[in-house]
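Ready for some practice? Open the structure, try each task yourself, and then check the worked solution.

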Amino acid sequence: MKCHNVERNCTWEGTVGTVDQHVATCQFTLLLCPKQCKDDNNEPNHFIRKDLEDHLKKNCPNRDYTCRYCGKKGTYATITQVHNKICQMKIVPCTYTGCHQTMRRHHIAKHVESECEYTVIACKHKSIGCETKLKRKDMAAHELDDKLHLHMAINTITLLKENITQLNETTSQLKEILKENYGITLKQGESMNIRFVDYQKVRKSSSFHLFTPVMAIMWLLQYTLMDMVLARAHTYQY
Ligand SMILES: [Zn+2]
Ligand SMILES: [Zn+2]
Ligand SMILES: [Zn+2]
Ligand SMILES: [Zn+2]
Ligand SMILES: [Zn+2]
């Protein structure tokens with residue numbers, strides 16, 4: 001008689017007594033993948049015995065697999081489809097257009113932050129008013145442009161001088177008010193912060209009901225002015 005697997009091309013022929021023995025080792029017997037992998041319709045995959053070994057070695061998505069970058073173990077499917085996207089040791093290209101550098105994924109953030117020639121960074125002379133932002137590779141040449149930055153520095157100094165003049169005028173007026181009305185004398189160079197304590201004392205001890213409405217408004221204006229000056233004194237340490 002012929003083998004049960006004759007439709008799968010088994011050419012075996014033998015006696016009824018030996019057929020079971022043959023089928024147990026027949027290379028055309030259909031077997032379930034021992035790794036329980038599924039086909040596209042989520043049905044368990046079957047293979048004829050002679051193809052199973054090859055499938056387990058080369059194609060089974062559930063076969064054991066090791067990440068070649070970090071050594072993490074898992075199945076072929078999870079390592080190549082899930083882990084591969086997050087493996088910190090994988091060599092990946094920088095995400096900035098134009099930069100062709102490749103590096104381990106964990107180094108990307110540092111590279112972009114402090115090395116990548118294509119990251120856009122701010123000019124180091126921002127404090128003197130330069131708003132320029134360029135790719136790191138072009139910034140060195142820009143920052144070396146002393147003429148441009150000197151011009152900005154002069155403008156900034158001019159503005160600062162105007163501010164200081166205004167501030168000095170306001171402070172002189174305020175000193176007068178403090179001296180005349182409260183007998184407080186602010187010495188040259190004395191920190192506004194020290195005098196702030198006096199200012200708060202005056203504010204606490206004052207009783208508004210003694211004032212006429214006009215005096216009350218004047219009083220409030222003084223405080224507003226003083227608040228402004230004190231706020232600026234913090235910045236300039238006048
Ligand atoms: Zn057979
Ligand atoms: Zn399989
Ligand atoms: Zn890995
Ligand atoms: Zn880069
Ligand atoms: Zn600049």
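**Exercises**

Let's start with a loop: Gln-36 sits between strand S1 (30–32) and strand S2 (46–48). Keep in mind that this is a predicted model.

**Exercise 1.** Work out whether Gln-36 is buried or exposed.

*Solution.* Begin with the cut-off: a residue with 12 or fewer other C-beta atoms within 10 Å counts as exposed. Gln-36 has 10 of them, so it is exposed. Now look at its backbone: phi is near 55°, a positive value, even though Gln-36 isn't a glycine. Most residues other than glycine have a negative phi.

**Exercise 2.** Find what phi Asn-9 has, and say where Asn-9 is found.

*Solution.* First, the angle: Asn-9 isn't a glycine, but its phi is positive, about 80°. Next, the place: Asn-9 belongs to the segment before helix H1 (19–25). Finally, the surroundings: Asn-9 counts as exposed because it has 10 C-beta neighbours inside 10 Å.

**Exercise 3.** Check how the reach of helix H6 (residues 146–182) compares with what is expected at 1.5 Å a residue.

*Solution.* H6 has 37 residues. From first C-alpha to last, H6 reaches 51 Å, close to the expected 54 Å. How many of its residues are buried? Zero, and H6 is hardly covered. Just after H6 comes Gly-183, with a positive phi near 70°.

**Exercise 4.** Decide which residues have a pLDDT below 50.

*Solution.* Start with the whole protein chain: its average pLDDT is 84, and 78% of the residues score at least 70. Then zoom in: over residues 208–212 the pLDDT is below 50. Where pLDDT is low, don't read the predicted coordinates in detail.

Note on methods
Residues are numbered from 1 along each chain as its sequence is written. Chains are lettered from A and ligands numbered from 1 in the order in which they are written. This is a predicted model: local features need pLDDT of at least 70, side-chain atom pairs count only at pLDDT 80 or more; totals for chains, interfaces and linings use all residues. Helices (H or I, at least four residues) and strands (E, at least two) are DSSP runs, numbered from the N terminus. The expected span of a helix is 1.5 Å times one less than its number of residues. A residue is buried if 20 or more other C-beta atoms lie within 10 Å of its own, exposed if 12 or fewer, and partly exposed in between; C-beta atoms are placed from the backbone. pLDDT is the predictor's confidence in each residue, from 0 to 100. Two residues are in contact if their C-beta atoms, placed from the backbone, lie within 7 Å.
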